[in-house]
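Let's take a walk through this protein together. Have a look at the chain and its fold, and then read on.

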Amino acid sequence: MSNIASVVVVGSGTMGHGIAQVCAHAGLRVTLTDVSDAVVGKGKASIEKSLAKMQEKGRVTAEQAQATLAAITLSTDPIAASASADLIVEAVPERMELKLDLVKKVSEAAPAHAIVATNTSSLSVTEIAGVAKDPSRVVGLHFFNPVPVMELLEIVRAMQTSDEVIDRARSFATQIAKKPIVVKDAPGFATSRLGVILGCEAIRMLESGVASAEDIDAAMELGYRHPMGPLKLTDLVGLDVRLMILDHLHKELGEQFRPPSLLRQMVRAGRLGRKSGRGFYDYTSANETKK
Ligand SMILES: NC(=O)c1ccc[n+]([C@@H]2O[C@H](COP(=O)([O-])OP(=O)(O)OC[C@H]3O[C@@H](n4cnc5c(N)ncnc54)[C@H](O)[C@@H]3O)[C@@H](O)[C@H]2O)c1
């Protein structure tokens, strides 16, 4: 038993709004928080859009969509919301100082039984746990994008995480209809470490003119049966998110993770992928053409 009935999600961006949606869909009470009413309102609008799409496809009924929305409360105060939570999941940008500050504060506000989880893609969960009031209650809950669609939940065990918290995290995964794997806290865990190296190599190939973005993606989609090519996937994840992960893995694991200069330039130019309308592909027109 996870004993989780109420969840606080901190950050309502690409991941946070999806995490809030799957938890609410599973019948949990959710508080979704962000830095301002406007930003958290955008998160809620993304949930409404996603539910409308799911309804069109017959994956949820109108009643289920309504109940999911009704279970979500919006807030700009994650600390106050954490005081009555069973689980707090942070999904703020991939910057260590931000995560440390937040985890310290929410863990001090949370009840003693609450689990404090980070959705980090690559940062040290052990370091994050180190600042918590009770480090044994901190765990990595690494969701995948888009959260309502992707089946995996990668549970990351920090050096301090208790067995009880790992058991509850596994039950929570089942509760929200995800398949859990448990991995040791190591840079990039199992998923990001393998995923970003493929994306990184694809960008280097594009940079050196080996093939077009479409052909590189088609190579992996048609030749290796990947559901989405590595450049399209980078556009979906966000180029800024991938750059932050690569910078970290480069520091921790070495040269093979050095970010390609094309990626850094595109981030500087604001070409962050789907969320900004342009990345390796153009999402501003009906036809998604290459940049
Ligand atoms: N994008 C992906 O595909 C993906 C997949 C798995 C994990 N992750 C991880 O999830 C985390 C979030 O990534 P994202 O892509 O959703 O980022 P994002 O930039 O889309 O969203 C982050 C949100 O956090 C908010 N925020 C910033 N500081 C805050 C604070 N102090 N309190 C409350 N909200 C705050 C921002 O306003 C923003 O809305 C990162 O650690 C990332 O590595 C991302």
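What follows starts with the whole chain, moves to one helix and the ligand, and ends with a few spots in the loops.

Keep in mind that this is a predicted model. The protein chain is built from twelve helices and eight strands. How does its radius of gyration fit with that of a compact globule? For 291 residues, such a globule would come out near 19 Å, and the protein chain has 19 Å, so the two agree. Measure the C-alpha trace along its principal axes and you get spans of about 55 × 45 × 35 Å. As for what is tucked away, 46% of the 291 residues count as buried. The contacts tell you something about how the chain folds back on itself: take those between residues at least 6 apart in sequence, and 64% of them join residues at least 24 apart.

Now zoom in on helix H5, which covers residues 96–109. With 14 residues at 1.5 Å each, H5 should span 20 Å, and its end C-alpha atoms are indeed 20 Å apart. Which residues of H5 are buried? They are Lys99, Leu102, Val103, Val106 and Ser107. Looking down the axis of H5, you'd find these buried residues within an arc of 120°, so they line one face of the helix. The spacing makes sense once you recall that an α-helix has 3.6 residues a turn, so residues three or four places apart point the same way. And what sits over the buried residues of H5? The cover includes strands S1 (6–10), S4 (87–90), S5 (115–118) and S6 (138–142), along with helices H4 (78–82) and H6 (125–130).

Next comes the ligand. It has 28 residues around it, and the closest are Gly11, Gly13, Met15, Ser121 and Asn145. Two elements, helix H1 (14–25) and H5, each give two or more residues to this shell. H1 gives the most, with three residues. By character, the shell around the ligand divides into 14 nonpolar residues, twelve polar ones and two charged ones.

One of those closest residues, Asn145, also takes part in a backbone oddity. A cis peptide bond joins asparagine 145 to proline 146, with omega at about -5°. You'll find proline 146 in the loop between S6 and strand S7 (152–157).

Two other loops hold residues with a positive phi that are not glycine. Alanine 177 has phi near 65°, and its place is the loop between helix H7 (163–175) and strand S8 (179–184). Is alanine 177 buried or exposed? With 12 other C-beta atoms within 10 Å, alanine 177 is exposed. Arginine 225 has phi near 60° and belongs to the loop between helix H9 (213–223) and helix H10 (230–237). Arginine 225 has 7 C-beta neighbours inside 10 Å, so it counts as exposed too.

Last stop: threonine 76, in the loop between strand S3 (72–75) and H4. Because threonine 76 has 14 C-beta neighbours inside 10 Å, it counts as partly exposed. Leaving out residues up to four places away in sequence, what does threonine 76 touch? Its contacts are Thr33, Asp34, Val35, Ser36, Asp37 and Val40. Valine 39 is 37 residues away from threonine 76 in sequence, yet their C-alpha atoms are 9.3 Å apart in space.

How values were computed: Residues numbered from 1 in each chain as written. Predicted model: local features only at pLDDT ≥ 70, side-chain atom pairs only at ≥ 80, totals over all residues. Helix = DSSP H or I, 4+ residues; strand = E, 2+ residues; numbered from the N terminus. Expected span 1.5 Å × (residues − 1). Buried ≥ 20, exposed ≤ 12 C-beta atoms within 10 Å, placed from the backbone. Arc of directions from axis to C-beta. Contact = placed C-beta atoms within 7 Å. Rg over C-alpha atoms; globule rule 2.2 N^0.38 Å. Near = placed C-beta within 6 Å. Nonpolar A, V, L, I, M, F, W, Y, C, P; charged D, E, K, R; others polar.
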